[in-house]
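Subject: Structure for your review

Dear colleague,

Please find below the structure I am handing over to you, followed by a summary of what was found in it. I should be grateful if you would read the two side by side.

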Amino acid sequence: MFKIFKKHTNPTPLLTSDLFDEHSFYKQFSNDIRNANKLIVIESPYITGRRANEIAPLLRSAVLRGVSVCIYTRNPHHHDGILVTESLKGIDILRKAGVKVYCCNDMRHRKLAMFDGQILWEGSLNMLSQNGSMEIMRRIVSKELCLQMERFIKLR
């Protein structure tokens, strides 16, 4: 017999939610980077040199504006083959742009980003490595849902 467990959570208001695919994502994501004032948090398990080169100038501009930019990714040595080299290359590019990159020793596979504790991106798209795959990302404008995510992934 199966036991049914209910997770009790407080209802959280959803203010705005929009869906993006691999084609529409980067334009809005880039705008969010340009408009960030305090903090950008990105969690992407994979990083490639190509995507790092594309996003590094935007992140560098944010850092120069005083925005703290933190990226959480898998330890490059948890990857196989060319992904190890690509990850190391991408991390180097991002660190040279002034970004704090944290290599995590777990097998995280989450894809999310938060901007100033007000905008939350979550979905299937690896923001720092995506190439050719069909993806979906949801952009949510909600302080409450950002705080919920921060607590869930233990950033606070």
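Asp18 stands opposite Arg139 in β7. The model is a predicted one, and this residue pair belongs to a longer description of how the strands are arranged. Strand β1 and strand β7 (residues 136–141) run antiparallel and are joined by 6 bridges.

Helix α4 (residues 143–152) packs on the sheet, where it touches β5, β6 and β7. The direction of α4 makes about 60° with that of β6. Helix α1 (residues 25–35) lies across five strands, namely β1, β2 (39–43), β5 (112–115), β6 (119–123) and β7. Relative to β6, helix α1 runs at about 150°.

The sheet itself is open and consists of 7 strands, in the order β1-β7-β6-β5-β2-β3-β4, with mixed pairing. Strands β1 (16–21) and β4 (100–104) stand at its edges; each has a single partner strand, so one side of each is left without a neighbour in the sheet. From one strand to the next, the twist averages 15°. In general terms, strands of a sheet pair through backbone hydrogen bonds, in either a parallel or an antiparallel manner.

Helix α3 (residues 82–96) deserves a separate paragraph. Its 15 residues reach 21 Å from the first C-alpha to the last, which is close to the 21 Å expected at 1.5 Å a residue. Which residues of α3 are buried? They are Val84, Ser87, Gly90, Ile91, Ile93 and Leu94. An α-helix has 3.6 residues a turn, so residues three or four places apart point the same way. The buried residues of α3 pack against α2 (49–64), β3 (68–74) and β4. After α3 comes Gly98, whose phi is positive, near 95°.

As for the chain as a whole, there are 4 helices and 7 strands. Read from the N terminus on, the elements follow the pattern β-α-β-α-β-α-β-β-β-β-α. Of the 156 residues in the chain, 45% are buried. Among contacts between residues at least 6 apart in sequence, 78% join residues at least 24 apart. The accessible surface of the chain comes to about 9,200 Å², and 54% of that surface belongs to carbon and sulfur atoms.

Yours sincerely

Note on methods: Residues numbered from 1 in each chain as written. Predicted model: local features only at pLDDT ≥ 70, side-chain atom pairs only at ≥ 80, totals over all residues. Heavy atoms only, no water. Pairing = 2+ DSSP bridges. Helix = DSSP H or I, 4+ residues; strand = E, 2+ residues; numbered from the N terminus. Axes fitted to C-alpha atoms, helices over the stretch in contact; angles between N-to-C directions. Contact = heavy atoms within 4.5 Å. Expected span 1.5 Å × (residues − 1). Buried < 20%, exposed > 50% of the residue type's maximum accessible area, 1.4 Å probe, protein only. Areas by Shrake-Rupley, 256 points an atom, 1.4 Å probe, with all protein chains shown as cover.
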